[in-house]
Amino acid sequence: MAVIAKHCPDIKVTVVDINPEQIKKWNSDKLPIFEPGLDDVVKAVRGKNLFFTTDIDAAIKESAMIFVSVNTPTKTTGVGAGRAANLRMWELAARHIAKVANGPKIVIEKSTLPVRTAHSMRRVLNANDRKIEFEILSNPEFLAEGTAMGDLTKPDRILIGGMNTDAGKKAIAQLVWVYKHWVPEERILTTNLWSSELSKLVANAFLAQRISSINSISALCEITGAYVQEVSRAIGFDHRIGPYFLNASVGFGGSCFQKDILNLVYLCESFGLDTVAAYWNQVVIMNDWQKKRFSMKIIEKLFNTISGKKIALYGFAFKKNTGDTRETPALFVAGHLLEERAKIAIYDPKVDPEQVKHDFEEYKLMPAGCKFEDYVTIYNDPYAAAKESHAVAVITEWDEFKTYDYSKIYASMSKPAFVFDGRNILDHAALKQIGFDVFAIGKPFGSKISMDDLS
Ligand code: UDX
């Protein structure tokens, strides 16, 4: 919304939330999320044509278009638990709009929703007894965290789905007009409602599938002596494959990939397409296996006993340049190490310590009888986190991890000292030179021997 406000000075944008704390933060100097470049844009337009308020009813009445961006987490109970999206928030928002609106509105799905939700929501909205007409559009968001401002300013495409009726076409044209302020028209795609909704799920499923594909190959590389980065580079040069999203890792995280694939799986199952469902579900299974493989490797290399050993996790966010920890592989790895009663030391440049604690509670990671404070310590200095540890495990690909003085880190650690690079970002030859035992995703494990000697 901040980017729309920046590019469309002729449009007034009002962001509303039922949570006053959240709105207060959006109106303050410290925004509630860290996203490179966001502060500048918000500060430039806030109070001019971008407003944050809890006065939801006034904003509904005043607006011609309403973007609904509520969260749609995976259902935890009832039909489809563990896979289907929970649409409660979306339906509540739609019902509230229907109740308060004083004239026709265009309601836009920004949240990622299962196919045909727009259809149901259209019915909910148009069931009002005041005969107010609502037109519904699907306009999925493709931005990625950490690069959001660039993704929004120069999007690969804008996707707008709507009904194939006169009113539907008119609504689509109005939203196209908004984006045309800064996006070239040929990049604005219009489709029917369901194609648009499905495309979002499919885009995320394809992206995640690439990661699971290369992660599966990383396991093969570790055994056979190939280097997964060389394989990624070699296949990525084929223009039909392309170079992006081929970084083998400790596993993908984030609020979207797993949730959206599970949603797709649920959809397929509910239409009787069991083989299609199993095909996509395998992307998630492979991701879980990769996360487990990484933590198992730590346990195995530390002589199958990590009880009481300090292990430093470098990075807790699900990727670099964000403080977001949703579905981060760090949680999975930490949980697994805790089951073996390791002592976990966490350092992340952007994640709030309170968030880490909250995540451990939410995911119930502490084994029975173990207190968080006794097993997990959060550091604001990476050197202190590594001190007296047996291993440093890189979970997030923060650039600053590449710049540390690893000789100093090595000197302060228990010996033998291990590095587990879950992102393949460190200089492994240099680390081995210092004396570390190095394990990296998709590289054969070498203990002070040149990997090239492995044949
Ligand atoms: C994703 C989609 O990219 C975006 O288009 C959609 O709108 C929302 O979901 P996001 O979750 O912010 O965005 O992050 P993304 O950059 O896609 O990374 C997701 C996860 O995959 C991260 O944990 C990342 O570290 C991991 N990843 C990504 C890899 O492990 N290897 C890669 O090559 C790329």
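Q: What is the sign of phi at F303, the residue given as following α12?
A: Phi of F303 is positive, near 65 degrees. Most residues other than glycine have a negative phi. This is a predicted model: local features need pLDDT of at least 70, side-chain atom pairs count only at pLDDT 80 or more, and totals for chains, interfaces and linings use all residues. Residues are numbered from 1 along each chain as its sequence is written.

Q: How do you know that the length of helix α12 agrees with its residue count?
A: Helix α12 has 28 residues, 274-301. Helices are DSSP runs of H or I, at least four residues; strands are runs of E, at least two; both are numbered from the N terminus. The expected span is 1.5 Å times one less than the number of residues. That gives 40 Å for α12, and its end C-alpha atoms are 39 Å apart, so the two agree.

Q: Where does α12 bend?
A: It bends at N281, by about 25 degrees. The bend is the angle between two fitted axes, one for the seven residues ending there and one for the seven starting there.

Q: Why is R116 called partly exposed?
A: Count C-beta atoms, placed from the backbone, within 10 Å of the residue's own: 20 or more others means buried, 12 or fewer means exposed, and in between means partly exposed. R116 has 13 such neighbours, so it counts as partly exposed. R116 sits in the loop between β4 (105-109) and α6 (117-126). Its phi is positive, about 85 degrees, although R116 is not a glycine.

Q: Why does E388 get its exposure class?
A: E388 has 13 C-beta neighbours inside 10 Å, so it is partly exposed. E388 lies in the loop between α16 (382-386) and β11. Phi of E388 is positive too, near 65 degrees.

Q: Which residues of α12 are buried?
A: Among them are W280, V283, N287 and F294. Their cover includes α9, α11 (257-270) and β8 (310-314). Contact here means C-beta atoms, placed from the backbone, within 7 Å.

Q: What makes the peptide bond from K415 to P416 cis?
A: Its omega is near -5 degrees, and the bond is cis. Most peptide bonds are trans. P416 lies in the loop between α17 (406-412) and β12.

Q: Which residues come nearest to the ligand?
A: N247, S249, F252, G254 and C256 do, out of 19 residues around the ligand. A residue is near if its C-beta atom, placed from the backbone, lies within 6 Å. Helix α9 (residues 193-224) gives the most to this shell, with three residues.

Definitions and conventions
Two residues are in contact if their C-beta atoms, placed from the backbone, lie within 7 Å.
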